[in-house]
Amino acid sequence: MDKKLVVITGASSGFGAEIAKQLSGLGYPLLLLARRVEKLEALELPNTICRKVDVSDHQQFAQAVDEAEEIFGCETDCLVNNAGVMLLGHVEDQDPQEWQKMFATNVFGVLNGMQVVLNKMKQRKSGTIINISSVAGVKTYEEHAAYSGTKFAVHGIGETVRWEMAPHNVRVITISPGAAETELLQHVTDPKIQQDYVNWKESIGGAITAKDVADAVVFAYSLPQSVCIRDLVITPTRQQN
Ligand code: NDP
């Protein structure tokens with residue numbers, strides 16, 4: 001197979017780790033990014049470069065991609081902007097630093113990644129960006145105000161860039177999972193909100209898995225370059241809202 005470098009952010013757990021395993025199994029060379037680089041390395045995937053990168057840091061992100069493209073001798077064919085944090089709370093009392101962290105990661109991280117790879121994709125007239133948004137980027141939920149704001153932003157950014165990139169044959173795909181079992185919820189600092197969420201997941205018979213979401217990502221990427229799945233929403237069947 002032609003070398004097609006895939007860059008995955010937030011590959012140290014959850015969806016990112018599963019997407020990395022599946023694409024590696026299909027033979028893709030990978031650049032994996034996260035802050036916990038030891039967890040990236042522990043995946044022990046062949047033909048894979050792991051770098052400690054905070055996606056909100058444009059320079060770190062760009063350096064890691066430049067270095068991987070140099071080592072592999074090819075440009076990035078696909079960027080999966082997956083890194084994200086969900087810190088639920090009420091606007092009237094949530095620590096504003098939680099908003100900063102979410103917007104820095106979920107929004108600026110996505111913009112950074114797109115800027116790092118888009119020019120070369122545009123010149124090559126080929127490439128794929130897959131942004132992991134959320135159903136909270138399509139509709140609203142209690143306690144999700146700031147998080148939802150970040151994910152609505154991901155949708156807005158993706159829609160615009162898709163429009164701009166269409167004449168250049170570059171795909172922009174937005175994938176929006178519903179409740180899925182990963183580390184995401186563990187970072188919520190309000191114990192009551194966290195417990196309510198766990199109870200809700202149990203009440204609907206459990207969440208979908210990282211594998212379910214990775215299957216969707218790999219499917220969307222595997223279609224011909226001329227075919228773009230613009231938006232894909234994937235939730236547990238029993239999730240009503
Ligand atoms: P996890 O918490 O398991 O994974 C999040 C990943 O993002 C980790 O690898 C983490 O790595 C990375 N990350 C967080 N902050 C940064 C940062 N500043 N720089 C680089 N990497 C970072 O959660 P999920 O797998 O569930 O989340 C993946 C994406 O899916 C997120 O965008 C999330 O919003 C979205 N999502 C998840 C849903 C769910 O129910 N699980 C539902 C809908 C959307 P590290 O800490 O090592 O940096």
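Guide: A residue is called buried when its relative accessible area is under 20%, exposed when that value is over 50%, and partly exposed in between. Please keep in mind that the structure above is a predicted model.

Visitor: Is Asn169 buried, exposed or partly exposed by that rule?

Guide: Asn169 has a relative accessible area of 35%, so Asn169 is partly exposed. In the chain, Asn169 lies in the loop between H5 and strand E6, the strand that covers residues 170–177.

Visitor: What sign does the phi angle of Asn169 have, and how should I read it?

Guide: The general idea is that most residues other than glycine have a negative phi. In this structure, Asn169 is not a glycine, and yet Asn169 has a positive phi of about 65 degrees.

Visitor: Where is Lys125 found, and what is its phi?

Guide: Lys125, which is not a glycine either, has a positive phi of about 60 degrees, and Lys125 is found in the loop between H4 and strand E5, which spans 127–132. The relative accessible area of Lys125 is 42%, and therefore Lys125 counts as partly exposed.

Visitor: Which residues make the nonpolar surface patch?

Guide: Phe103, Phe108 and Leu111 make a nonpolar surface patch of about 260 Å². To join such a patch, a residue needs over 30% relative accessible area. Phe108, found in helix H4, which runs over residues 96–124, has a relative accessibility of 47%, so Phe108 is partly exposed.

Visitor: Turning to the ligand, which residues come nearest to it?

Guide: There are 28 residues around the ligand, and of these Ser12, Ser13, Arg35, Tyr147 and Thr182 come nearest. When you look for the elements that contribute, you will find that helix H1 (14–25) and helix H5 (145–165) each supply at least two residues of the shell around the ligand.

Visitor: How many residues of that shell are nonpolar, polar and charged?

Guide: The shell around the ligand divides into 12 nonpolar, 11 polar and 5 charged residues.

Visitor: Which atoms of Arg36, Val55 and Asn82 lie close enough to the ligand to count as polar contacts?

Guide: The idea is to look for a pair of N or O atoms within 3.5 Å. For Arg36, a polar side-chain atom lies 2.8 Å from an oxygen atom of the ligand. For Val55, a backbone N or O atom lies 3.0 Å from a nitrogen atom of the ligand, while for Asn82 a backbone N or O atom lies 2.9 Å from an oxygen atom of the ligand.

Visitor: How much of the ligand does the protein bury?

Guide: The ligand, taken alone, exposes 880 Å², and the protein buries 96% of that.

Note on methods
Residues numbered from 1 in each chain as written. Predicted model: local features only at pLDDT ≥ 70, side-chain atom pairs only at ≥ 80, totals over all residues. Heavy atoms only, no water. Near = heavy atom within 4 Å. Polar contact = N/O pair within 3.5 Å; in protein donor to acceptor, adjacent residues only side chain to side chain. Areas by Shrake-Rupley, 256 points an atom, 1.4 Å probe, with all protein chains shown as cover. Helix = DSSP H or I, 4+ residues; strand = E, 2+ residues; numbered from the N terminus. Nonpolar A, V, L, I, M, F, W, Y, C, P; charged D, E, K, R; others polar. Patch = residues over 30% accessible without salt bridge, like charges linked within 9 Å, V, L, I, M, F, W, Y side chains within 5 Å. Salt bridge = Lys/Arg side-chain N within 4 Å of Asp/Glu carboxyl O. Buried < 20%, exposed > 50% of the residue type's maximum accessible area, 1.4 Å probe, protein only.
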